[in-house]
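Hi,

Here is the structure I promised to pass on. Have it open while you read, and my notes on what turned up follow right below it.

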Amino acid sequence: MSFSIVKCARALGRPSVRCLSTSAPRPSRSVYRKLALGTIVGVAAGLAFAPNRVYLDSQPQEATVQDNAAEDLLVDPATSIPFPKVMRVPSKVMIPPLTLVGVGVRTVSFLGVKVYSVAFYADLNDPNLKISLEMPPEEKVVHIIRNTSCVIRIVPTRSTSYTHLRDAFMRALQARLSRSIQDGAITEETAQAAASPLRTLKGLFPNSPLAKHTPLDIFLAAPIAGRPRPLVFRDLGSIENDWVATEFVLNYFGPEAPSPALKNSVYSFLKLFKK
């Protein structure tokens, strides 16, 4: 190999002294300040215009419960806890406003300790409701629960636990199931089909406290032909079973109602109601 060829090869392999930088010029501090200010303003605007909604963990529909502070309130005289007279449940499926039908207090033990206030809401404008003035209030509320959307709202008077509420719910449903089987009110197939949703319901509740005056909303969707009826526990989850969903709400108006005050309040409201 000649000297000239070696020299050329070395020249080709030698890196160029002059090169182009691939990095962009560093912005000045004033640019950083402008970007930071723009980010802060954008976040603040987003927070200012974000909707104030609390979502129900619902399948198949995603629902929320929202109260309008400007609307009239009804105060439970036993606890001074207020309830909006109208509840709106925004959803992918249009749900009409729900009317407050009654309120009451839940007490336990012979000392009458007040555990929570409870309210019952329902879509009283549902065209599927067929209620005459002559119907007894007991029949009216059963007809409403079986045929339209409802909400049970529970507001603790003091800090409690989700597990405490869960245990009470499960005892009530299991008692109603046993009684229905003994009375022949349901078939064996219906009882067996309720077993899995009951286990699911029991597993929805976390081992954590429910703070004083924090509402827990339980939404019963209107029945749809050919589909199991969902019962949605706000922020916790849902179950889908006609018997469990309907009986959960009916329990508040049964012989062993958790709040006789709620039952009497609802009956009083429905005496003059017709649809």
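The buried residues of helix H3 are covered by several elements, including E7, E8, E11, H6 and helix H7 (260-270). Keep in mind that this is a predicted model. Which residues of H3 are buried? They are Pro137, Lys140, Val141, His143, Ile144 and Ile145. H3 itself spans residues 137-147 and lies across E7, strand E8 (150-156) and strand E11 (216-220), at about 70 degrees to E7.

Now look at H3 together with H7. Their axes are 9 Å apart and the packing angle is about 95 degrees. Angles of 65 to 115 degrees count as roughly perpendicular, so that label fits H3 and H7. On the H3 side, the contact is made by Pro137, Glu138, Lys140, Val141 and Ile144, and on the H7 side by Val266, Tyr267 and Leu270. Sorted by class, that contact has six nonpolar residues, two charged ones and no polar ones.

There's another helix pair to click on. Helix H4 (residues 162-183) packs against helix H6 (residues 242-250) at an angle of about 110 degrees, with the axes 10 Å apart. That makes H4 roughly perpendicular to H6. H4 brings Phe169, Leu173, Arg176, Leu177 and Ser180 to the contact, while H6 brings Trp243, Val244, Glu247, Phe248 and Leu250. By class, you'll find seven nonpolar, one polar and two charged residues there.

Next, the sheet. It is open, has seven strands with antiparallel pairing, and follows the order E5-E6-E7-E8-E11-E12-E13. Why do E5 and strand E13 (237-240) each have one side without a neighbour in the sheet? They stand at the edges, so each has a single partner strand. As a bit of background, strands of a sheet pair through backbone hydrogen bonds, either parallel or antiparallel.

Starting from the E5 edge, strand E5 (residues 86-87) is joined by two bridges to strand E6 (residues 98-108), and the two run antiparallel. Val86 stands opposite Thr99 in E6, and the bridge partner of Met87 in E6 is Leu98. E6 then pairs with strand E7 (residues 113-122) over nine bridges, again in the antiparallel sense. One position to find there is Leu100, which stands opposite Tyr121 in E7. E6 and E7 form a hairpin with four residues between them, and Ser109 in the turn has a positive phi of about 65 degrees. At the E13 end, helix H5 (residues 188-202) lies across strand E12 (230-233) and E13, running at about 170 degrees to E13.

On to the inside. The largest nonpolar core has 50 residues, and those touching the most other members are Phe120, Ile144, Ile145, Leu231, Phe233, Phe248 and Tyr252. A second, separate core has 15 residues, among them Met87, Val89, Ile95 and Ala221. Back to Ile145: which residues does it contact, leaving aside neighbours within four places in sequence? Ile145 is in contact with Phe120, Cys150, Leu220, Arg229, Thr246, Val249, Leu250 and Phe253.

Finally, the overall numbers. The protein chain has seven helices and 13 strands. Of its 275 residues, 40% count as buried. Among contacts in the chain with a separation of 6 or more, 66% are between residues 24 or more positions apart.

Cheers

Notes: Residues numbered from 1 in each chain as written. Predicted model: local features only at pLDDT ≥ 70, side-chain atom pairs only at ≥ 80, totals over all residues. Heavy atoms only, no water. Core = buried A, V, L, I, M, F, W, Y, C linked by side-chain atoms within 4.5 Å. Buried < 20%, exposed > 50% of the residue type's maximum accessible area, 1.4 Å probe, protein only. Contact = heavy atoms within 4.5 Å. Axes fitted to C-alpha atoms, helices over the stretch in contact; angles between N-to-C directions. Parallel < 35°, antiparallel > 145°, perpendicular 65-115°, else oblique. Nonpolar A, V, L, I, M, F, W, Y, C, P; charged D, E, K, R; others polar. Pairing = 2+ DSSP bridges.
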